[in-house]
Amino acid sequence: MVKKMLVLMSITSMAAAITACGGSTQTTTSSSTTPAASTAPVATVEANKPKPEFKALLQYARFDPNTEVVAKFLNEKTGYKVTYDMLPVENPDDKLNLLMANKEKYAYMLLSGPQYSKLAASGALEPIDELVNKYGTNMKNVISQTSWNGAKLNGKIFGIPQTGSGTIVNTQLIVRQDWMDELGLKAPTTRDELYTVLKTLKEKKNVMGLSGGKSPLLPEVLPTFGIPMVQSNATTGWQDVNGKLVNAIENPNMKKYVEFMKKLYTEKLIDQEWSLNQANKVIENFTSGKAAIISNAYFNAPTVQNALLKNSPNAKIGSFPYLKGDDGKVQVMGSAGISFYVGIPKWADNKEDIIKYLDLKLDKDIFKEAAIGKEGVHYKMENGNYFPILPKFNDEYNNASTFLTGVDEKNYPIYWQARVRKDPILTESFTKIQEAAKGNIVLDPLAFAPPLEAIGKYNLKLQKLMEDTFLKYITGAEPIENYDKFVAQWKAEGGDEMTKAANEWYAANKK
């Protein structure tokens with residue numbers, strides 16, 4: 001499904017608790033390239049030689065991975081028996097600390113970006129460059145150089161980078177189309193036209209024009225100010241300005257965006273409880289008829305449409321095109337990057353076999369069946385597209401992505417789309433959004449960067465500072481004239497260090 005968000009919870013230092021070698025800081029460098037091409041044969045199951053048994057550590061999920069069809073399939077096809085543990089839902093990093101301090105015998109671990117960088121810096125992870133060069137034929141073929149570069153810390157690779165569904169767009173402004181038709185309103189194509197629509201809907205229908213919640217950053221409006229990316233993975237948003245990265249906070253147009261949102265709030269064209277609303281409240285406002293427009297993710301489309309029609313059987317949902325900016329161009333925030341890293345503990349046994357196993361999982365046929373199942377049983381082909389066969393697909397492959405340890409980056413985004421074809425409403429929403437955004441998608445320049453130490457250290461705190469401050473400006477709790485003071489505070493409390501780290505990596509890796 002959508003690219004997974006990286007866990008931003010910090011891991012306490014383990015240097016004193018772990019007997020390690022090879023530890024280093026996380027300053028990145030371009031001195032090491034993607035693992036070199038190799039003529040070594042693809043790892044195959046050797047029938048006459050017993051395979052070691054492995055134990056793997058996964059991120060939290062609400063099921064037992066050891067009972068899943070995919071787990072049993074992988075054991076059978078690779079000849080390696082793997083059992084699985086999961087981190088807990090609460091305080092996962094504390095648990096990971098304990099496991100690493102005890103040198104728990106895991107063959108490999110699925111790690112978030114911050115977890116990966118902390119463990120690598122403490123010396124708890126094995127550098128795998130040589131192992132991948134020798135035994136990783138499949139992974140070198142299907143994982144891009146861009147992704148391998150995103151796994152480098154201090155010039156070495158400590159884990160297999162795992163991307164996901166490719167580049168996609170998640171949200172679009174949806175509207176009560178029946179109200180638009182009733183009032184003779186056309187879909188807006190610019191920010192000013194959106195303002196007019198909001199004003200008309202409020203006056204004529206006596207509803208809030210636009211509901212939203214928590215984040216002050218509206219992904220369909222922000223790009224009209226020339227700021228196409230603010231939240232991606234573990235960053236607060238960066239732009240290439242004449243070859244250097246500048247944070248969106250320091251873009252002069254960010255203040256103009258906040259001023260525009262304040263205008264909408266003051267005129268009561270947007271939700272007056274914006275700073276308090278959770279996501280479920282925003283959906284409720286739309287489906288109950290209190291709000292005319294919301295920014296909605298494709299994966300929420302079935303919930304929204306079904307709830308709306310239950311409350312208002314004659315209601316219709318429409319969607320707005322992405323708005324043109326002041327320069328007349330359309331820019332849309334895209335989502336992409338590395339979701340997880342697959343690391344091998346320094347003290348693991350049979351490291352060669354671990355890499356052979358992880359490489360076997362990326363064999364074309366094994367990977368495809370592990371990702372999407374058997375044709376005619378779990379999926380079918382229609383017009384060159386993959387469609388799930390229900391309920392079999394859901395029963396046996398709903399949790400298949402949990403077992404990914406790197407993906408076939410060319411084919412997995414195609415296989416993955418079967419997951420958005422499980423419901424016609426979901427399928428329609430996803431397809432509409434991607435078609436509307438096509439040709440105008442912009443990605444964060446750091447989308448495929450490795451976890452940078454300074455960003456990991458300061459980002460969460462500064463993200464909250466930004467959100468809290470912007471909401472105060474928008475609601476009038478604090479004068480927007482203080483914006484320059486906010487920028488100075490942001491820079492002093494870690495923003496400058498994040499910018500320095502971002503540019504050091506970008507200078508070494510930009511094309």
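The side chain of T78 comes within 3.2 Å of the backbone nitrogen of Y80, and that is a good place to start a tour. A polar contact here is a pair of N or O atoms within 3.5 Å; within protein, one must be able to donate a hydrogen and the other to accept it, and residues adjacent in sequence count only if both atoms are side-chain atoms. The T78 side chain also reaches the backbone oxygen of L74, at 2.7 Å. T78 belongs to helix α1, residues 69–78. Helices (H or I, at least four residues) and strands (E, at least two) are DSSP runs, numbered from the N terminus. With a relative accessible area of 0%, T78 is buried. Buried means under 20% relative accessible area, exposed means over 50%, and partly exposed lies in between (1.4 Å probe, protein chains only).

Before going on, please note that this is a predicted model, in which local features need pLDDT of at least 70, side-chain atom pairs count only at pLDDT 80 or more, and totals for chains, interfaces and linings use all residues. Residues are numbered from 1 along each chain as its sequence is written, and side-chain values use heavy atoms, with hydrogens and water left out.

**A cavity lined in part by α1**

Helix α1 appears again at the largest cavity. On a 1 Å grid over the protein atoms alone, a cavity is a set of points where a 1.4 Å probe fits but cannot get out, and its lining residues have an atom within 4 Å of a point. Grid points are joined across faces, edges and corners, and a volume is the space filled by probe spheres set on the points. The structure holds four cavities of 30 Å³ or more, and the largest has a volume of about 80 Å³. Its lining includes V70, L74, F367 and F403. The elements that give two or more residues to this lining are α1 and α13 (364–372). Helix α13 provides the largest share, three residues. By type, the lining of the largest cavity divides into nine nonpolar residues, two polar and one charged. Ala, Val, Leu, Ile, Met, Phe, Trp, Tyr, Cys and Pro count as nonpolar, Asp, Glu, Lys and Arg as charged, and the others, Gly among them, as polar.

**Two open sheets**

Two strands pair if DSSP finds at least two bridges between them. One open sheet has five strands in the order β2-β1-β3-β14-β6, with mixed pairing. Strands β2 (82–86) and β6 (159–162) stand at its edges, each with a single partner strand, so one side of each is left without a neighbour in the sheet. The twist in this five-stranded sheet averages 20 degrees from one strand to the next. Axes for such angles are lines fitted to C-alpha atoms, for helices over the stretch in contact, and angles run from 0 to 180 degrees between N-to-C directions. Inside this sheet, β1 (54–58) and β3 (108–111) run parallel and are joined by two bridges, with A56 opposite Y108.

Another open sheet has four strands, in the order β8-β11-β7-β12, again with mixed pairing. Here β8 and β12 are the edge strands, each with a single partner strand, so one side of each has no neighbour in the sheet. The twist in the four-stranded sheet averages 30 degrees from one strand to the next. Strand β7 (171–176) has five of its six residues buried, so this strand is largely enclosed by the rest of the structure. Five bridges join β7 to β11 (291–297), and the two run antiparallel. Strand β12 (317–319) is also antiparallel to β7, joined by three bridges.

The table lists residues of β7 with their partners.

| Residue in β7 | Opposite residue | Partner strand |
|---|---|---|
| Q172 | N296 | β11 |
| I174 | S319 | β12 |
| R176 | I317 | β12 |

**Backbone details in loops**

N206 has a phi near 55 degrees, a positive value in a residue other than glycine. This residue sits in the loop between α8 (191–205) and β8 (208–211), and N206 is exposed at 71% relative accessible area. N383 also has a positive phi, near 55 degrees, and is not a glycine. Its loop runs between β15 (379–382) and β16, and N383 is exposed at 81%.

A cis peptide bond joins L390 and P391, with omega about 5 degrees. P391 is located in the loop between β16 (385–388) and α14 (392–397).

Key: On a 1 Å grid over the protein atoms alone, a cavity is a set of points where a 1.4 Å probe fits but cannot get out, and a pocket is an open set with protein on both sides within 12 Å along at least five of seven lines; lining residues have an atom within 4 Å of a point.
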